[in-house]
Amino acid sequence: MKEKLDILSSSDLILMPSNHEPFGLVALEALSAGQNGKTILCSSFVDGMGEFLTEDSAIKCGTSSNEITEGIYKFLNMKEIDKKNMRNNGCKLAQKYTWDDCVKQIENTYDSI
């Protein structure tokens, strides 16, 4: 797990323009990667990710090439203080979700089907 977090944390930007993301666990991992002071998530806020992502914790992008390009440019034009605030907000958001909580949410979803 530490190696995975180290790889994620080595990125300036994690781009996740998903069309469908039922639970958003990958997005939570990407937000957690910001704890080392570098990584920002740029994501479509679809399905499960739309239930917890906010524009103060991640850059919102869609799935088209134009929307993805806009998201990347937003990141490139951000001031360092804004990046720091976004990383902090993302980390705080990710810390609200434990594996136990995520498993319970997944179980509840399956039980409702």
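In the predicted model, strand β2, which spans residues 40-43, is covered on both of its faces. Ile-40 and Cys-42 point to one side of the strand and Leu-41 and Ser-43 to the other, and all four of these residues are buried. Strand β1, made up of residues 13-16, runs parallel to β2 and is joined to β2 by four bridges. Within this pairing, Leu-15 stands opposite Cys-42, and Met-16 has Ser-43 as its bridge partner. Between the two strands the chain passes through helix α2 (residues 25-33), and the resulting β-α-β crossover from β1 to β2 is right-handed.

Strand β2 also pairs with strand β3 (residues 59-60), again in the parallel sense, over two bridges. Here Ser-43 stands opposite Lys-60 of β3, while in β1 the bridge partner of Ser-43 is Met-16. Taken together, the strands form an open sheet of three, in the order β1-β2-β3, with parallel pairing. Because β1 and β3 each have a single partner strand, they stand at the edges of the sheet, and one side of each is left without a neighbour there.

The packing of nonpolar side chains was examined next. The largest nonpolar core has 15 residues, and those with the most contacts inside this core are Leu-31, Leu-41, Phe-52 and Leu-53. Two or more residues of the core are given by each of the elements β1, α2 and α5, and the largest share, four residues, comes from α2. A second core, of seven residues, lies apart from the largest one and has among its members Ile-40, Cys-42, Cys-61 and Met-78. Ile-40 and Cys-42 belong to one side of β2, whereas Leu-41 is on the other.

Leu-31 illustrates how distant parts of the sequence meet in the largest core. Beyond its neighbours within four places in sequence, Leu-31 is in contact with Leu-41, Phe-52, Leu-53, Ser-57 and Ala-58, and also with Gly-90, Cys-91, Leu-93 and Ala-94. The last of these residues, Ala-94, is located in helix α5 and is buried, with a relative accessible area of 6%. When neighbours within four places in sequence are again set aside, the contacts of Ala-94 are with Leu-28, Leu-31 and Ser-32. By contrast, Ala-94 and Gly-50, which are 44 residues apart along the chain, have their C-alpha atoms separated by 14 Å.

The structure holds one aromatic pair. It is formed by Phe-52 and Tyr-97, whose ring centres are 5.4 Å apart and whose planes meet at 55°, so the pair is classed as tilted, given that an angle over 60 degrees would be needed for an edge-to-face arrangement. Phe-52 lies in the loop between α3 (47-50) and β3, and Tyr-97 in the loop between α5 (80-95) and α6 (99-112), so the pair ties together parts that are 45 residues apart in sequence. The two partners are not equally covered: Phe-52 is buried, with a relative accessible area of 7%, whereas Tyr-97, at 25% relative accessibility, counts as partly exposed. Phe-52 is also one of the residues with the most contacts inside the largest nonpolar core. A further arrangement involving a ring is found at Phe-75, over whose face Lys-83 lies at 4.2 Å from the ring centre.

Definitions and conventions. Residues numbered from 1 in each chain as written. Predicted model: local features only at pLDDT ≥ 70, side-chain atom pairs only at ≥ 80, totals over all residues. Heavy atoms only, no water. Buried < 20%, exposed > 50% of the residue type's maximum accessible area, 1.4 Å probe, protein only. Pairing = 2+ DSSP bridges. Right-handed = clockwise from strand over helix to strand, strands pointing away. Phe/Tyr/Trp six-rings, centres within 6.5 Å; stacked < 30°, edge-to-face > 60°. Lys NZ or Arg CZ within 6 Å of the ring centre and 35° of its normal. Core = buried A, V, L, I, M, F, W, Y, C linked by side-chain atoms within 4.5 Å. Contact = heavy atoms within 4.5 Å.
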